[in-house]
Amino acid sequence: MPRPTAAQLVYGSATVVCTTLALLLLSGTESGIGVAIAATTGLALGLLVAVRLPQPAPRPRPAPHHPRTAPAGAPTRTHHLPDAFGAQERVPAARPARQDEHSLRR
């Protein structure tokens, strides 16, 4: 089950409070059972409002990146990563694995 969004929490809580207050004021009840019925009705209506709100559409996942293997003797590619101060730092990219080499020995 997906987690509730902020909008669901806000609308559901506001519905519970407003409905319960309106029922208590309009019914004029003073008994414990009347207050319990008003509170239960407010909770049920708040839950209904929160569940019926539309869910945001899920974001599509990006396609996986498959780096091409460079031919032997090709210049080494580098990635530019910003450091804490925004300056670009040059970091060498991973070299392609050879067929006879284990993937952990790079």
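This passage describes the fold, the two helices and one pocket of a predicted model.

The protein contains 2 helices and 2 strands, and these elements follow one another from the N terminus in the order α-α-β-β. Of its 106 residues, 11% are buried. The accessible surface amounts to about 9,600 Å², and carbon and sulfur atoms account for 64% of this area. When contacts between residues at least 6 apart in sequence are considered, 37% of them join residues that are at least 24 apart.

Helix α1 comprises 22 residues, from residue 6 to residue 27, and its end C-alpha atoms lie 31 Å apart, which agrees with the 32 Å that this number of residues should span at 1.5 Å a residue. The buried residues of the helix are Gln 8, Gly 12, Thr 15, Thr 19 and Thr 20. Because these residues cover an arc of only 115 degrees around the axis, they are placed on the same side of α1. The other side of α1 carries exposed residues, namely Ala 6, Leu 9, Val 10, Cys 18 and Leu 25. The buried residues of α1 pack against α2, which runs over residues 32-52. Following α1 in the chain is Gly 28, a residue with a positive phi, near 65 degrees.

Helix α2 is built from 21 residues, and the distance from its first C-alpha to its last is 30 Å, close to the 30 Å expected at 1.5 Å a residue. Its buried residues are Gly 34, Ala 38, Gly 42, Gly 46 and Ala 50. Viewed down the axis of α2, these residues fall within an arc of 135 degrees, and they therefore line one face of the helix. On the face turned away from this buried side are the exposed residues Gly 32, Ile 33, Ile 37, Thr 40, Leu 43, Leu 47, Val 51 and Arg 52. The cover over the buried residues of α2 includes α1, just as the buried residues of α1 pack against α2.

Individual residues of α1 illustrate how the two helices are related. Gln 8, which is part of helix α1, has a relative accessible area of 7% and is therefore classed as buried, the cut-off being under 20%. Apart from its neighbours within four places in sequence, Gln 8 is in contact with Arg 3, Ala 50, Val 51, Leu 53 and Gln 55. One of these partners, Ala 50, is itself among the buried residues of α2, whereas another, Val 51, belongs to the exposed residues on the face of α2 turned away from its buried side.

Further along α1, Ala 14 has a relative accessibility of 37% and counts as partly exposed. The C-alpha atoms of Ala 14 and Gly 42 are separated by 9.9 Å, although the two residues are 28 residues apart along the chain. Gly 42 also appears among the contacts of Thr 19, which, with neighbours within four places in sequence left aside, is in contact with Gly 42 and Leu 45. Thr 19 is likewise found in helix α1, and its relative accessible area of 15% makes it a buried residue.

Leu 24, also in helix α1, is partly exposed, with a relative accessible area of 26%. When residues up to four places away in sequence are not counted, Leu 24 touches Thr 29, Val 35 and Ala 38, of which Ala 38 is listed among the buried residues of α2. A separation of 8.7 Å is found between the C-alpha atoms of Leu 24 and Ala 39, residues that stand 15 residues apart along the chain.

The second largest pocket has a volume of about 250 Å³. Its lining consists of 15 residues, and those nearest its centre are Pro 4, Gln 8, Leu 47, Ala 50 and Val 51. The elements that contribute two or more residues to this lining are α1 and α2. Gln 8, one of the residues nearest the centre of the pocket, is in contact with both Ala 50 and Val 51, and these two residues also lie nearest the pocket centre.

Definitions and conventions:
Residues numbered from 1 in each chain as written. Predicted model: local features only at pLDDT ≥ 70, side-chain atom pairs only at ≥ 80, totals over all residues. Heavy atoms only, no water. Helix = DSSP H or I, 4+ residues; strand = E, 2+ residues; numbered from the N terminus. Buried < 20%, exposed > 50% of the residue type's maximum accessible area, 1.4 Å probe, protein only. Contact = heavy atoms within 4.5 Å. Areas by Shrake-Rupley, 256 points an atom, 1.4 Å probe, with all protein chains shown as cover. Expected span 1.5 Å × (residues − 1). Arc of directions from axis to C-beta. 1 Å grid on protein atoms, 1.4 Å probe; cavity = no way out; pocket = protein on both sides within 12 Å on 5 of 7 lines; lining within 4 Å. Points joined across faces, edges and corners; volume = space filled by probe spheres on them.
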